[in-house]
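Hi everyone, thanks for coming. I'd like to walk you through one protein today, so let me put it up on the screen.

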Amino acid sequence: MAAMTSSSVGTHATRTPSPSEQQMIDDILLLYQLKPTEKAYAHYSPSAVFHDPVSIAEGLDSIRSQFNGMPKVFAESTTQKCDLLAESDASHLTLNLTQKYVFKSPIPFKEKGTEKTVNSKVTLHLNGQGKVERHDEEWDWQGNKSEEDGFIGNIQQARKKIDAKVVEKGVPTDPGKV
């Protein structure tokens, strides 16, 4: 019987990652854990796109800014669960990721604020060289709105691109400067 994992929408078959898949997953999880590294970013192609409910970051520098900016918002980020779904293959890795975020406190002299645990479907679309070409994160396994969703999708897509550009302007792309 195949191993199973539970998400916010049901159960899914999983498989054990290959050593190279596990290395990529471990390195990319460091981004979620507020520990950005050059090694993690080396898994992305220069033209990669990151899409989540907050932003659409186009290009590796924009992706760097998104993840490098997370320590400015969060005091902690802990991976509670990360399973590779059985549907994954050489063209994409699909993860069931549960991440606990602890916001920085807006109150002076108080380090930590509100906590939020998010279960996401993360899909890393890989190119022929095994680099991430597209990184989709769907909170609560709900698809990200895009231009294909009509008028509201167009508005949300434009807002997410603007959000990513604003972050990109204010956050360094070098993880050593975070």
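Let's start with a single residue: which residues does K121 touch, not counting residues up to four places away in sequence? Before I answer, keep in mind that what you're looking at is a predicted model.

Okay, here's the list. K121 touches T94, L95, D136, E137, E138 and W141. As for where K121 sits, look in strand β7. Another residue to find on the screen is L97: K121 and L97 are 24 residues apart in sequence, yet their C-alphas are 6.3 Å apart in space.

Is K121 buried or exposed, or somewhere in between? Its relative accessible area is 22%. Buried would mean under 20% and exposed would mean over 50%, so K121 counts as partly exposed.

Now let's zoom out. How many helices and strands does the protein have? There are four helices and eight strands. If you read along the sequence, the order goes β-β-α-α-β-β-α-β-β-β-β-α.

What about the whole chain? The protein has 178 residues, and 44% of them are buried. Take the contacts with a separation of 6 or more: 55% of those come from residues 24 or more positions apart. The accessible surface comes to about 9,400 Å², and carbon and sulfur atoms account for 55% of that.

Let's go back to the beginning of that pattern. Strand β1, residues 4–7, pairs with strand β2, residues 10–13, in the antiparallel sense, and there are four bridges between them. The two strands make a hairpin, with two residues between them. If you want to spot one facing pair, S6 stands opposite T11 in β2.

Last stop: the largest pocket. How much space lies in there? About 490 Å³. The lining is made up of 21 residues, and the closest to the centre are D52, V54, M70, F74 and W139.

Which element gives the most to that lining? That's α3, with seven residues. The elements that each supply at least two residues are α3 (60–73), β6 (92–104), β7 (112–126), β8 (132–139) and α4 (150–170). You've met β7 already, since that's the strand where we found K121.

And what kinds of residues line the pocket? By class, you get 12 nonpolar, four polar and five charged residues.

That's my tour. Feel free to rotate the model and find these spots yourself.

Definitions and conventions
Residues are numbered from 1 along each chain as its sequence is written. This is a predicted model: local features need pLDDT of at least 70, side-chain atom pairs count only at pLDDT 80 or more; totals for chains, interfaces and linings use all residues. Side-chain values use heavy atoms; hydrogens and water are left out. On a 1 Å grid over the protein atoms alone, a cavity is a set of points where a 1.4 Å probe fits but cannot get out, and a pocket is an open set with protein on both sides within 12 Å along at least five of seven lines; lining residues have an atom within 4 Å of a point. Grid points are joined across faces, edges and corners, and a volume is the space filled by probe spheres set on the points. Ala, Val, Leu, Ile, Met, Phe, Trp, Tyr, Cys and Pro count as nonpolar, Asp, Glu, Lys and Arg as charged, and the others, Gly among them, as polar. Buried means under 20% relative accessible area, exposed over 50%, partly exposed in between (1.4 Å probe, protein chains only). Contact means heavy atoms within 4.5 Å. Accessible areas come from the Shrake-Rupley method with a 1.4 Å probe; for residues, only the protein chains shown count as cover. Two strands pair if DSSP finds at least two bridges between them.
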